[in-house]
There are 2 protein chains.
Amino acid sequence: MFDQYKNRFPIDEKQWNDYISCFQRIEVPAKTTLLKEGEISKKLLLIEKGCIRVWFNNNGKDVTFQFFFENNTVASIESFIKKFPSPVFIETIEPSVLWRMHKKDVDRIMAEIKEIPVLRDLLINSVFDRTFDYMKHFLSFIKDTPTQRYLNLLQEKPQIIRRIPQHYIASYLGITTVHLSRIKSKLAKEKK
Amino acid sequence: MFDQYKNRFPIDEKQWNDYISCFQRIEVPAKTTLLKEGEISKKLLLIEKGCIRVWFNNNGKDVTFQFFFENNTVASIESFIKKFPSPVFIETIEPSVLWRMHKKDVDRIMAEIKEIPVLRDLLINSVFDRTFDYMKHFLSFIKDTPTQRYLNLLQEKPQIIRRIPQHYIASYLGITTVHLSRIKSKLAKEKK
DNA sequence: TGCATTTAATAACAAATGTTATCGCCAGAC
DNA sequence: GTCTGGCGATAACATTTGTTATTAAATGCA
């Protein structure tokens, strides 16, 4: 799992082994809740196999707002960083193999790598990138119709369409399952 | 303009004067374009007085997606950081007094303050905060109705409602001016 | 295998939102 | 002052999207 990353970072063997030994491997079935709303997130997750969705309860309605796949790291980021009660649930969609690291180890490693300029910039850039990602997704809600959002998703994140049940995709796009179904059938007709 | 910030940062007088001398004061009338779509953003703006909107052209439609007021800093952040052509226009709404700093000075100061742990963490946190802000705004598009979004805005950012022309607010909320007008009149009726 | 559960498609109707057009108000230009 | 253009409200109608209910197909499990 970790060898693929090994040579990307300018740290020595000993430090590397120290870091990866903080991860604990777990296997969980589909639909396993990994973090509940209201809990304070104390673990960072890295996905080896499977997928995860982040969702929250909006007046009884299940609203999904992010998906994560192999090699993604997952946490309720606000809760993890600021120690707030998590506003969201985190749950597996497929049976998954995950690596878990406790917050105290993450904090220690973060503090250490902040002293290494290359890694520090990498960290800052990754936060910027996540910000840009949100901006982009957000913009598409202002400027695009649901049909266009679906087409964007199909083009930019096809594995979401392939692997995720449709009712989760619908709430991710901000529409109902019925409407998503209509969009798909309309697109299929136009193609003919 | 800058004295209010002076004692917040652990840097000496000389450095402080060096930093603020990089700002150049300009006065511009309402509806002045400060950055055009397609240009590469080379200046950071700080608002002393007035307000600014960031918008883009979506197939001929003017879509506003951010507002900035006194003491905010403004840039097309993707363009400024990554040197991409800006996807957005930046333009004043009211006659404004602005302070402008060239990117090369910003970069130099950023590089310097990254070596000062307190400021470095401040920088990283401010990027996190901006990310959280986007997440929050984005979530409200998935979970809330336009009416609820308008009420949120009224409560959380009342100066947007007070100072910004309604058609900009409408596109910021992702609806038409007609619909925003309907929402307002419906709310006024319910209040009675 | 067969049964229960989940998932997706569709129809009929309701509600929300967009489009286009018109009117009136008001601030700024002259 | 008067005129003009920008702004906001409203109406009538069109379109999109949601709601509820039904059915069928796919999937997981005993």
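In the predicted model described here, helices α2(B) and α4(B) are roughly antiparallel to each other, a term that applies to angles over 145 degrees, whereas angles under 35 degrees count as roughly parallel, 65 to 115 as roughly perpendicular and the rest as oblique. Because this is a predicted model, local features need pLDDT of at least 70 and side-chain atom pairs count only at pLDDT 80 or more, while totals for chains, interfaces and linings use all residues. Residues are numbered from 1 along each chain as its sequence is written, chains are lettered from A and ligands numbered from 1 in the order in which they are written, and side-chain values use heavy atoms, with hydrogens and water left out.

Helix α2 of chain B comprises residues 13–20 and helix α4 of chain B residues 103–113; the two pack at an angle of about 150°, with their axes 11 Å apart. Helices here are DSSP runs (H or I, at least four residues; strands are E, at least two), numbered from the N terminus, and axes are lines fitted to C-alpha atoms, for helices over the stretch in contact, with angles running from 0 to 180 degrees between N-to-C directions. The crossing of α2(B) and α4(B) is left-handed, that is, the near helix is turned anticlockwise from the far one by less than a right angle, clockwise being right-handed. Contact, meaning heavy atoms within 4.5 Å, brings B:Q15, B:D18 and B:Y19 of α2(B) together with B:R108, B:I109, B:E112 and B:I113 of α4(B). These residues divide into three nonpolar, one polar and three charged, where Ala, Val, Leu, Ile, Met, Phe, Trp, Tyr, Cys and Pro count as nonpolar, Asp, Glu, Lys and Arg as charged, and the others, Gly among them, as polar.

Between the chains, helix α5 of chain A and helix α5 of chain B, each spanning residues 117–143, have axes that come within 9 Å and cross at roughly 20°. The two α5 helices, α5(A) and α5(B), are therefore roughly parallel to each other, and α5(A) passes α5(B) in a left-handed crossing. By class, their contact has 16 nonpolar, four polar and four charged residues. Residues of α5(A) that take part include A:I124, A:F128, A:Y134 and A:F138, and those of α5(B) include B:I124, B:F128, B:Y134 and B:F138.

Around DNA strand D there are 17 residues, of which A:P146, A:H179, A:R182, B:Q166 and B:S181 come nearest; a residue is near a strand if one of its heavy atoms lies within 4 Å of it. The largest share of this surface, five residues, comes from α9(B). Polar contacts are pairs of N or O atoms within 3.5 Å; within protein, one must be able to donate a hydrogen and the other to accept it, and residues adjacent in sequence count only if both atoms are side-chain atoms. A polar side-chain atom of A:R182 lies 2.6 Å from a base nitrogen of DNA strand D, and one of B:Q166 lies 2.6 Å from a phosphate oxygen of that strand.

For DNA strand C, the nearest of the 16 surrounding residues are A:Q166, A:H167, B:P146, B:H179 and B:R182, and α9(A) supplies the largest share of the surface, five residues. A side-chain N or O atom of B:R182 is 2.6 Å from a base nitrogen of DNA strand C, whereas a side-chain N or O atom of A:Q166 is 2.7 Å from a phosphate oxygen of the strand.
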